[in-house]
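Student: I have just opened this protein and would love a guided look around. Could we go through it together, one question at a time?

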Amino acid sequence: MNSEFSIAVHSLVLLANLPERMATSEMIADNVCTHPARIRKVMSTLRKHGIVATKEGIGGGYILDCDPETTHLALIYRAVCEGTLKPSWSSGDPETGCMVASNVQKVMDGLFHEAEEYLESYWQRWTIADVLREICALHQAKL
């Protein structure tokens, strides 16, 4: 998994919490504590998946193009980091005569695939609105 998932969820929850539900990349970046260019990269991916929309010009920015109550984190995961659970490097060598070295990569690929399916099913249980509700509850507990 990569940090784009956390950035995407944070950004979407922020947009869901804004009364006008519109924010610039600079506003989002300030809240997320990252660079606006990084926000624009993540938001571009979310836009391609129909999760956010953009408005150009003065007063423009990003706006939710989805219902926070029905948009599950699994959709966000698939949009920004599907397939990243598996490391890019694999151990072993399929060409060697060693039973372990020649087969470990295939077995690990299957394990990572199955782990990603479990992770996606977990994210399917959470919506953007659920995350916002959890944040509100934590905030209220501090008051």
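## A guided tour in questions

Tutor: Gladly, and let us begin with one residue: Asp109 has a relative accessible area of 29%, so Asp109 is partly exposed. Keep in mind that this is a predicted model.

Student: Which residue does the side chain of Asp109 meet in a salt bridge?
Tutor: Look for a nitrogen and an oxygen that come to 3.0 Å from each other. The pair links distant parts of the chain, with Asp109 in helix α5 and its partner in the loop between α4 and α5, 23 residues apart. That partner has a relative accessible area of 34%, so it too is partly exposed. The residue is Lys86.

Student: How many helices and strands does the protein have?
Tutor: Reading along the sequence, you meet the pattern α-β-α-α-β-β-α-α-α. Tallied by type, the secondary structure comes to six helices and three strands.

Student: Is Glu4 buried or exposed?
Tutor: Glu4 is found in helix α1. Its relative accessibility is 15%, and the limit for a buried residue is under 20%. Glu4 therefore counts as buried.

Student: With which residue does Glu4 form a salt bridge in which the closest N and O atoms are 3.7 Å apart?
Tutor: Leaving aside neighbours within four places in sequence, Glu4 is in contact with four residues: Arg38, Lys41, Val42 and Val80. The partner at 3.7 Å counts as exposed, because its relative accessibility is 53%. That partner is Lys41.

Student: Which helices do Glu4 and Lys41 belong to?
Tutor: This pair links distant parts of the chain, for the two residues are 37 residues apart. Glu4 sits in a helix of residues 3–17, and Lys41 in a helix of residues 36–48. These are helix α1 and helix α3.

Student: How many salt bridges are there?
Tutor: A pair counts when a side-chain nitrogen of Lys or Arg is within 4 Å of a carboxyl oxygen of Asp or Glu. We have met Asp109 with Lys86, and Glu4 with Lys41. By this rule the count comes to seven.

Student: Which residue meets Glu120 in a salt bridge?
Tutor: Glu120 has 15% relative accessibility, so Glu120 counts as buried. The N to O distance in this salt bridge is 2.8 Å. The partner has a relative accessible area of 34%, so it is partly exposed. It is Arg78.

Student: Why does the pair of Glu120 and Arg78 tie together parts that are 42 residues apart in sequence?
Tutor: The reason is where the two residues lie. Glu120 belongs to residues 99–123 and Arg78 to residues 73–81, so the pair ties together helix α5 and helix α4.

Student: Which element supplies the largest share of the largest nonpolar core?
Tutor: In soluble globular proteins, nonpolar side chains tend to be buried together. Here the largest nonpolar core has 35 residues, and among those that touch the most other members are Phe5, Leu15 and Ile28. Elements that each supply at least two residues include α2, β3 and α6. The largest share, nine residues, comes from α1.

Student: Which residues is Leu15 in contact with, leaving aside its neighbours within four places in sequence?
Tutor: Leu15 is one of the core residues that touch the most other members. Its contacts beyond those neighbours are Arg21, Met22, Ala23, Ile28, Met43, Val52, Tyr62, Ile63 and Leu64.

Student: Where does Ile58 lie, and is Ile58 buried or exposed?
Tutor: Ile58 lies in the loop between β2 (52–55) and β3 (61–64). Its relative accessible area is 87%, and exposed means over 50%. Ile58 is therefore exposed.

Student: Which residues make a nonpolar surface patch of about 250 Å²?
Tutor: The protein exposes about 8,800 Å², of which carbon and sulfur atoms supply 57%. One member of the patch, Val107, lies in helix α5. The patch is made by Val107, Met108 and Leu111.

Student: What radius of gyration does the protein have?
Tutor: Along its principal axes the C-alpha trace spans about 65 × 35 × 25 Å. A compact globule of 143 residues would have a radius of gyration near 15 Å. The protein has 19 Å.

Notes: Residues are numbered from 1 along each chain as its sequence is written. This is a predicted model: local features need pLDDT of at least 70, side-chain atom pairs count only at pLDDT 80 or more; totals for chains, interfaces and linings use all residues. Side-chain values use heavy atoms; hydrogens and water are left out. Helices (H or I, at least four residues) and strands (E, at least two) are DSSP runs, numbered from the N terminus. Buried means under 20% relative accessible area, exposed over 50%, partly exposed in between (1.4 Å probe, protein chains only). A nonpolar core is a set of buried Ala, Val, Leu, Ile, Met, Phe, Trp, Tyr and Cys residues joined through side-chain atoms within 4.5 Å. Contact means heavy atoms within 4.5 Å. The radius of gyration is taken over C-alpha atoms; the globule rule is 2.2 Å times the number of residues to the power 0.38. Accessible areas come from the Shrake-Rupley method with a 1.4 Å probe; for residues, only the protein chains shown count as cover. Patches are made of residues with over 30% relative accessible area and no salt bridge: like charges are joined within 9 Å, nonpolar side chains (Val, Leu, Ile, Met, Phe, Trp, Tyr) within 5 Å.
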